[in-house]
Amino acid sequence: MKARIKFRKYGVMRFIGHLDVMRFFQKAMRRARIPIAFTEGYSPHMIMSFAQPLGVGVTSDGEYLDIELKEEIAANEAVIRLNEVMVEGIEVVNFVRIPDDKKSSGMTLVAAASYRVTLLESAKSAEITRELPDSWQSKIEAFQKQESIVVLKKTKRSEAEVDIKPMIYQMHKEANSIYLFLAAGSEQNLKPDLVMEAFTEFIGEKEESVPFHYHRLEVYARQSKESLDFVPLDQLKLP
């Protein structure tokens with residue numbers, strides 16, 4: 001049996017990196033008495049995988065963790081047990097059964113992610129925001145009307161110029177924030193800070209003079225390979 005856990009990451013926990021979050025959940029599984037399965041061999045470890053690890057400093061309402069269980073457990077019971085041992089800044093919001101095959105893993109299925117970007121008074125605090133300039137709506141539209149949006153995309157091993165325009169599915173101003181719907185996953189993966197870096201350069205602003213906070217709203221998969229419909233990972237109808 002496999003299950004998908006959806007959780008929130010907020011507050012001071014935004015400063016905790018992916019490896020520490022993974023270690024935290026390993027301890028939480030034991031404390032919550034979740035019957036998680038282990039690998040075999042000389043050094044057994046819990047069978048778990050994260051769908052799309054979050055960058056340090058980013059908060060989220062839609063993080064996903066897949067686990068393998070050695071026995072059944074009711075979804076509502078699992079959520080209650082896990083939240084009893086969670087620290088402030090992490091909250092489990094859903095626990096759903098998923099098929100056992102590898103094609104159903106969150107890591108494999110991720111195709112997009114949505115974000116809310118706010119403008120901060122200072123890079124020192126993510127809680128104190130300031131109003132977005134009214135002119136940014138027209139500037140965002142002009143930014144997206146470019147034939148291409150070429151940026152220097154860096155990885156651990158190399159860097160290359162990449163046209164990110166096809167990976168920006170949506171970008172618009174919403175009240176006092178910017179909504180981004182971007183490609184994500186193993187095939188194409190676009191981080192929100194790279195989009196905003198390109199945008200601030202486009203409007204002639206220095207990136208350090210406009211500190212942003214990034215909040216991930218949700219992570220999505222395609223309902224099928226042929227479908228253009230994106231569905232949150234915990235709502236995906238799997239065979």
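Student: Let's start with Ile47. What does its relative accessibility come out as?
Tutor: Ile47 has 26% relative accessibility, so this residue counts as partly exposed. Keep in mind that this is a predicted model.

Student: Noted. Where along the chain is Ile47 found?
Tutor: Ile47 belongs to the loop between α1 and β2 (48-50).

Student: And what is Ile47 in contact with, once its sequence neighbours are set aside?
Tutor: With neighbours within four places left out, Ile47 contacts Ile36, Ala37, Phe38 and Thr39, along with Asp66, Ile67 and Glu68.

Student: How far apart are Ile47 and Gln26 in space?
Tutor: Their C-alpha atoms are 9.7 Å apart, and in sequence Ile47 and Gln26 are separated by 21 residues.

Student: Switching to the interior. Which residues touch the most other members in the largest nonpolar core?
Tutor: Those are Ile164, Ile168, Met171, Ile178, Leu180, Val195 and Met196, out of 40 residues in the largest nonpolar core.

Student: Which elements give two or more residues to this core?
Tutor: Two helices do, α4 (136-144) and α5 (192-202), plus the strands β5 (110-119), β8 (168-174), β9 (177-183) and β10 (212-222).

Student: Pick Val195. What's around it?
Tutor: Beyond four places in sequence, Val195 is in contact with Phe143, Ile164, Ile168, Met171, Leu180, Leu182 and Leu190.

Student: What does the second core look like?
Tutor: The second core is separate and has 28 residues, including Ala3, Phe7, Ile67 and Phe95. As background, nonpolar side chains tend to be buried together in soluble globular proteins.

Student: Which residues are buried in α2?
Tutor: Ala78, Val79, Arg81, Leu82 and Val85 are buried there. The buried residues of α2 pack against β1, α1 and β4.

Student: OK, charges now. Is Glu218 buried or exposed?
Tutor: Glu218 counts as buried, because its relative accessibility is 8%. This residue lies in strand β10.

Student: What polar contacts does the Glu218 side chain make?
Tutor: One is with the side chain of Lys6, at 2.7 Å. Another joins Glu218 to the side chain of Tyr64, also at 2.7 Å.

Student: And what else does Glu218 touch?
Tutor: Residues up to four places away aside, Glu218 touches Gly62, Ala113, Ser114 and Pro232 as well as Lys6 and Tyr64.

Student: Back to Lys6. Which residues are linked with Lys6 in a network of salt bridges?
Tutor: Glu218 and Asp234 are the ones linked with Lys6 in that network. For Asp234 and Lys6, the N to O separation is 3.9 Å. That pair ties together parts 228 residues apart in sequence, because Lys6 is in strand β1 (residues 2-9) and Asp234 is in the segment after β11 (230-232).

Student: Are Asp234 and Lys6 buried or exposed?
Tutor: Both Asp234 and Lys6 are buried.

Student: How many salt bridges does the structure hold?
Tutor: It holds nine salt bridges. One of them pairs Arg8 with Glu91, with the closest N and O atoms 2.8 Å apart. Arg8 is in strand β1 and Glu91 in strand β4 (residues 90-98), so this pair links parts that are 83 residues apart in sequence.

Student: What are the relative accessibilities of Arg8 and Glu91?
Tutor: Arg8 is at 25%, so it counts as partly exposed. Glu91 is partly exposed too, at 31%.

Student: Which residue forms a salt bridge with Glu72?
Tutor: Arg97 does, at 3.4 Å from N to O. Glu72 is in the loop between β3 (59-68) and α2 (75-85) while Arg97 is in strand β4, so the pair ties together parts 25 residues apart in sequence. Glu72 itself counts as exposed, with 57% relative accessibility.

Student: Which residues form the nonpolar patch on the surface?
Tutor: Val12, Phe15 and Val56 form it, with about 320 Å² of accessible area together. Val12 sits in the loop between β1 and α1 (18-31) and counts as exposed at 61% relative accessibility.

Student: Last one: where does Lys165 lie, and what does it touch?
Tutor: Lys165 lies in the loop between β7 (159-163) and β8. Past four places in sequence, Lys165 touches Gln144, Lys145, Gln146, Glu147, Ser148 and Ile149. The C-alpha atoms of Lys165 and Ser148 are 5.8 Å apart, with their positions 17 residues apart along the chain. Lys165 is partly exposed, with a relative accessible area of 28%.

How values were computed
Residues numbered from 1 in each chain as written. Predicted model: local features only at pLDDT ≥ 70, side-chain atom pairs only at ≥ 80, totals over all residues. Heavy atoms only, no water. Core = buried A, V, L, I, M, F, W, Y, C linked by side-chain atoms within 4.5 Å. Buried < 20%, exposed > 50% of the residue type's maximum accessible area, 1.4 Å probe, protein only. Helix = DSSP H or I, 4+ residues; strand = E, 2+ residues; numbered from the N terminus. Contact = heavy atoms within 4.5 Å. Polar contact = N/O pair within 3.5 Å; in protein donor to acceptor, adjacent residues only side chain to side chain. Salt bridge = Lys/Arg side-chain N within 4 Å of Asp/Glu carboxyl O. Patch = residues over 30% accessible without salt bridge, like charges linked within 9 Å, V, L, I, M, F, W, Y side chains within 5 Å. Areas by Shrake-Rupley, 256 points an atom, 1.4 Å probe, with all protein chains shown as cover.
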